[in-house]
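Dear colleague,

I am passing on the structure we spoke about, together with some notes on what I found in it. Please look through it with the ligand surroundings in mind, and then compare your impressions with mine.

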Amino acid sequence: MKIPFFKYQGTGNDFVMIDNRINLFDKTNISAIQHLCDRRFGIGSDGLILIENLPDFDFNMVFFNPDGSQSFCGNGSRCAVAFAKFLGIIDNQAYFNSTDGEHEAWVSANGDISLKMHDVKLIEKGDGYYFINTGSPHYIKEETNLKELDVVSEGREIRYNDRFKEEGTNVNFVKYNQESLDIRTYERGVEGETLSCGTGVTAAALSWADKFKLSAGKVDVNAQGGKLSVGFKRNENGFNDIWLIGPAQYVFKGEIEV
Ligand SMILES: N[C@@H](CCC[C@H](N)C(=O)O)C(=O)O
């Protein structure tokens, strides 16, 4: 069967998107998901996103990693909002459901998508690292020389250590500047470096706020594939009013046999 698809990217984190409101695509077919995401034998992407109907929501955003596993995806959600606008499901505001529950988002005049993230209550920190869950788990390690870093082998070492080997974790290498952050990310489920990871950028921004003891603000995060911003407020337990802001763009469309 031929399935129509669209390709979107958000700061270089790229996704195959399928309008699955009439359940054309069988999401239990894990080998088909792996095939669509395969960069040599399929379309190629950092994940597959299905837009589906769900009562009381504008849409349900179903995300799969290229290996077929599931988690919450920040950049994917921003792309899903852009796709939902293209499909005419929403205008400039969205209320949708995803792996970690409900989210709101809006599209600004320049096309940037602002995505509301869940409150973060638990921040684990230790010597040179943070571990924060922003819908997906993120280990954050401070690094001064990001350019020279072998992200894949260093990331793999942490992702497959005794603590994380079963559940997995994403691993972010971060350089903390006074006014901004630089980041490179190893993603679980991709099992490689991606050009950007929205939940990772959010977690890194919160670690920056914690490190510099900031009570509220907005910080720019420079990923390999572009710049995102994160707004936040600090409370007694952690952080709330967390927003991930940045571009999400259509790349191409096509049809593929599954
Ligand atoms: N790229 C995503 C995160 C996708 C999920 C992650 N690979 C995991 O399995 O935890 C983002 O933009 O947040």
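In this predicted model, helices α2 (74-87) and α4 (198-211) each contribute at least two residues to the shell around the ligand, and the largest share, three residues, comes from α2. The shell also draws on both domains, with at least three residues from domain 1 (2-116 + 248-257) and at least three from domain 2 (123-245).

There are 17 residues around the ligand, and those that come nearest are Gly74, Asn75, Ser136, Gly198 and Thr199. By character, the shell divides into eleven polar, three charged and three nonpolar residues.

The unreviewed UniProt entry carries a "binding site" annotation that covers Asn13, Asn65, Gly74, Asn75, Asn170, Glu187, Arg188, Gly198 and Thr199. Two of the residues listed there, Glu187 and Arg188, I followed a little further.

Glu187 lies in strand β12 (residues 180-187), and it counts as buried because 29 other C-beta atoms lie within 10 Å. Leaving aside residues up to four places away in sequence, Glu187 touches Asp46, Asn170, Gly192, Thr194 and Cys197.

Arg188, by contrast, lies in the loop between β12 and β13 (192-194), yet Arg188 is also buried, because it has 22 C-beta neighbours inside 10 Å, where 20 or more are needed. With the same exclusion of residues up to four places away in sequence, Arg188 touches Arg159, Gly168, Thr169 and Asn170, so that Asn170 appears among the contacts of both Glu187 and Arg188.

With best regards

Conventions
Residues numbered from 1 in each chain as written. Predicted model: local features only at pLDDT ≥ 70, side-chain atom pairs only at ≥ 80, totals over all residues. Near = placed C-beta within 6 Å. Helix = DSSP H or I, 4+ residues; strand = E, 2+ residues; numbered from the N terminus. Nonpolar A, V, L, I, M, F, W, Y, C, P; charged D, E, K, R; others polar. Domains from an automatic or database assignment. UniProt positions renumbered as here; feature names shortened; annotations may be inferred. Buried ≥ 20, exposed ≤ 12 C-beta atoms within 10 Å, placed from the backbone. Contact = placed C-beta atoms within 7 Å.
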